[in-house]
Amino acid sequence: MFTGIVQGTAQIKAITEGTNFRTHVVEMPQEMLKGLQIGASVAHNGVCLTVTKIQDNLVSFDLMQETLKITNLGKLKTGDFVNIERAMQMGTEIGGHILSGHVYCTADIVERLPSENNLQIWFQLPNQDMMKYVLTKGFIAVDGISLTIGEVHEQRFCVNLIPETIHRTLIGKKEVGEKVNIEIDPQTQAIVDTVERYLAQKEA
């Protein structure tokens with residue numbers, strides 16, 4: 001489980017292609033290596049990946065075909081960076097919201113509106129069905145970052161980024177046309193799905 005509070009970024013130093021999967025070797029920041037073991041979970045742009053090898057500060061992760069297809073990780077190349085979050089530990093402060101690291105889809109960046117101390121970014125989801133889980137002032141994870149939804153219009157929604165988020169993560173460097181990973185708030189999804197089932201049973 002994760003919190004959506006990105007702890008830093010890491011550069012992809014090597015990519016090895018296999019049959020229906022690939023391996024990413026990333027250079028982990030020194031402060032994020034403490035206690036890291038093979039089998040541990042680390043979120044890359046919000047995608048939960050498992051550590052398969054550790055050699056000094058180079059850490060390997062295997063990505064299956066489904067992960068490469070659904071998320072933006074399949075578009076990355078050597079030299080690119082990813083947002084990194086170690087799995088949450090029981091008893092620590094949760095500053096964001098609970099995430100599973102299971103990305104639902106990608107969204108396109110359709111507009112960037114910078115101001116003096118703020119950056120508003122608008123995203124478009126691939127289909128209308130996803131929008132029932134996207135509510136104004138609700139939570140959403142974008143590339144693994146826990147964010148509050150600002151406004152919602154049709155298949156679009158926006159978030160407002162403070163300087164700390166822009167500094168700590170990669171989101172401020174994203175341009176119009178790029179894709180980001182989306183994880184819907186699981187509590188919102190559970191409530192919406194429960195209400196839909198209840199209404200369907202009443203109408204049956």
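With a relative accessible area of 2%, N45 counts as buried, the cut-offs being under 20% for buried, over 50% for exposed and anything in between for partly exposed, with a 1.4 Å probe and protein chains only. This is a predicted model, in which local features need pLDDT of at least 70 and side-chain atom pairs count only at pLDDT 80 or more, while totals for chains, interfaces and linings use all residues. Residues are numbered from 1 along each chain as its sequence is written, and side-chain values use heavy atoms, with hydrogens and water left out.

Back to N45, which sits in the loop between β3 (41-44) and β4 (47-55); strands here are DSSP runs of E with at least two residues, helices are runs of H or I with at least four, and both are numbered from the N terminus. The phi angle of N45 is near 50 degrees, a positive value in a residue other than glycine. N20 is another case, with phi near 65 degrees, again positive and again not in a glycine. N20 belongs to the loop between β1 (8-18) and β2 (21-27).

Now for the overall layout. The chain splits into domain 1 (8-86) and domain 2 (105-197), with bounds taken from an automatic or database domain assignment. Their C-alpha centres are 23 Å apart. Across the boundary, 13 residues of domain 1 are in contact with 13 residues of domain 2, contact meaning heavy atoms within 4.5 Å. The size of an interface is often given as the accessible area lost when the parts come together. Here the two domains bury about 880 Å² between them, with 48% of it on carbon and sulfur atoms; this buried area is what the two parts lose on being put together (1.4 Å probe), summed over both. On the domain 1 side, N45 turns up again: N45, N72 and N83 lose the most area to domain 2, together 48% of what that side buries. As for salt bridges between domain 1 and domain 2, the count is zero, where a salt bridge is a side-chain nitrogen of Lys or Arg within 4 Å of a carboxyl oxygen of Asp or Glu.

By that rule the count comes to eight salt bridges. One of them joins E17 and R22, whose closest N and O atoms are 2.8 Å apart. The two partners differ in cover: E17 is exposed because its relative accessible area is 54%, whereas R22 is buried because its value is 10%.

A salt bridge also links the side chains of D108 and K179, at 2.7 Å from N to O. D108 lies in strand β7 and K179 in strand β12 (residues 179-184), so this pair ties together parts that are 71 residues apart in sequence. D108 is partly exposed at 28% relative accessible area, and K179 is partly exposed too, at 31%. V110 is also part of strand β7 (residues 105-115). The C-alpha atoms of V110 and K179 are separated by 9.6 Å, although the two are 69 residues apart along the chain. Setting aside residues up to four places away in sequence, V110 touches W122, F123, Q124, R156 and V176. Even with those contacts, V110 counts as partly exposed, at 25% relative accessibility.

K132 and E196 form a further salt bridge, with closest N and O atoms 3.1 Å apart. K132 lies in the loop between β8 (118-124) and β9 (139-142) and E196 in helix α3, so the pair ties together parts that are 64 residues apart in sequence. Both ends are partly exposed, K132 at 33% relative accessibility and E196 at 38%. M131 shares the loop between β8 and β9, but M131 is buried, at 6% relative accessibility. Its contacts, leaving aside neighbours within four places in sequence, are L125, V152, E154, Q155 and R156. Of these, Q155 is 24 residues from M131 in sequence and 6.3 Å away in space, C-alpha to C-alpha.

Finally, the surface. I191, V195, Y198 and L199 make a nonpolar patch of about 400 Å². Patches are built from residues with over 30% relative accessible area and no salt bridge, joining like charges within 9 Å and nonpolar side chains (Val, Leu, Ile, Met, Phe, Trp, Tyr) within 5 Å; areas come from the Shrake-Rupley method with a 1.4 Å probe, and for residues only the protein chains shown count as cover. V195 lies in helix α3 (residues 186-203) and counts as partly exposed, at 44% relative accessibility.
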